[in-house]
Amino acid sequence: MTRRDADFHTQLQERTTTKRPPLYRVLLLNDDYTPMDFVVYVLMRYFKKSGADAERIMLAVHHEGRGVAGVYTKDVAETKVGQVTALAREEGYPLQVTVEPEP
Ligand code: TYC
């Protein structure tokens with residue numbers, strides 16, 4: 001392999017082995033006290049859901065116990081957990097928000 005061939009090979013590898021970062025789910029957990037409207041607001045404001053999708057996700061969490069609000073890189077997912085938890089506590093609601101890796 002000539003020097004130029006080797007450089008080209010290296011460049012090709014750099015382009016073809018670009019990896020996407022691992023992704024994390026932000027989960028909402030059900031509870032008996034957080035108002036439905038608040039959960040819908042959170043899904044629209046922090047997770048960019050439409051009103052219809054926010055309503056669907058909120059009801060799924062209400063009936064099934066938990067549900068995915070969104071999927072993000074780790075730092076973004078953890079920031080959203082912090083923001084939503086802070087807002088819920090300010091309002092006096094016990095809403096639980098957690099992160100789990102996407103399998
Ligand atoms: N179960 C709550 C109620 O009946 C609504 C709710 C939905 C709370 C989703 C939390 O993550 C949640 N007011």
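**Close-up views of a predicted model**

**View 1. The ligand and its polar partners in the predicted model.** A polar side-chain atom of histidine 62 is placed 2.9 Å from a nitrogen atom of the ligand. Backbone atoms also approach the ligand: a backbone N or O atom of threonine 34 lies 2.9 Å from a ligand nitrogen atom, and a polar backbone atom of leucine 29 lies 2.8 Å from a ligand oxygen atom. The residues surrounding the ligand include Leu28, Asn30, Asp31, Met36, Val39, Met58, Val61 and Leu95.

**View 2. Strand β1 and its two pairing partners, β2 and β3.** Strand β1 comprises residues 24-29 and pairs with strand β2, residues 66-72, in the antiparallel sense. Six bridges join β1 and β2, and arginine 25 stands opposite valine 71 of β2. Strand β1 also pairs with strand β3, residues 96-101, again in the antiparallel sense and over six bridges. Here leucine 28 has valine 97 of β3 as its bridge partner. Leucine 28 is also one of the residues that surround the ligand.

**View 3. Helix α2 and its buried residues.** Helix α2 runs over residues 36-47. Its 12 residues, at 1.5 Å a residue, should span 16 Å, and the end C-alpha atoms are 16 Å apart, so the two values agree. The buried residues of the helix are Phe38, Val39, Val40, Val42, Leu43, Tyr46 and Phe47. An α-helix has 3.6 residues a turn, so residues three or four places apart point the same way. The buried residues of α2 pack against β1, β2, α4 and α3, the last of these formed by residues 51-64. Val39, buried in α2, is also among the residues around the ligand. Just after the helix, lysine 48 adopts a positive phi of about 55°.

**View 4. Glutamine 83 in helix α4.** Helix α4 extends over residues 74-90 and contains glutamine 83. With a relative accessible area of 38%, glutamine 83 is partly exposed, because partly exposed residues fall between the limits of 20% and 50%. Proline 103 is 20 residues from glutamine 83 along the chain, and their C-alpha atoms are separated by 25 Å.

**View 5. The annotated domain, residues 19-98.** An unreviewed UniProt entry lists these residues as "domain: Adaptor protein ClpS core". In the model, the span is 54% helix and 20% strand. The C-alpha atoms at the two ends of residues 19-98 lie 25 Å apart.

Technical notes: Residues are numbered from 1 along each chain as its sequence is written. This is a predicted model: local features need pLDDT of at least 70, side-chain atom pairs count only at pLDDT 80 or more; totals for chains, interfaces and linings use all residues. Side-chain values use heavy atoms; hydrogens and water are left out. Helices (H or I, at least four residues) and strands (E, at least two) are DSSP runs, numbered from the N terminus. Buried means under 20% relative accessible area, exposed over 50%, partly exposed in between (1.4 Å probe, protein chains only). UniProt positions are given in the numbering used here, feature names are shortened, and annotations may be inferred rather than shown by experiment. Two strands pair if DSSP finds at least two bridges between them. The expected span of a helix is 1.5 Å times one less than its number of residues. Contact means heavy atoms within 4.5 Å. A residue is near a molecule or strand if one of its heavy atoms lies within 4 Å of it. A polar contact is a pair of N or O atoms within 3.5 Å; within protein, one must be able to donate a hydrogen and the other to accept it, and residues adjacent in sequence count only if both atoms are side-chain atoms.
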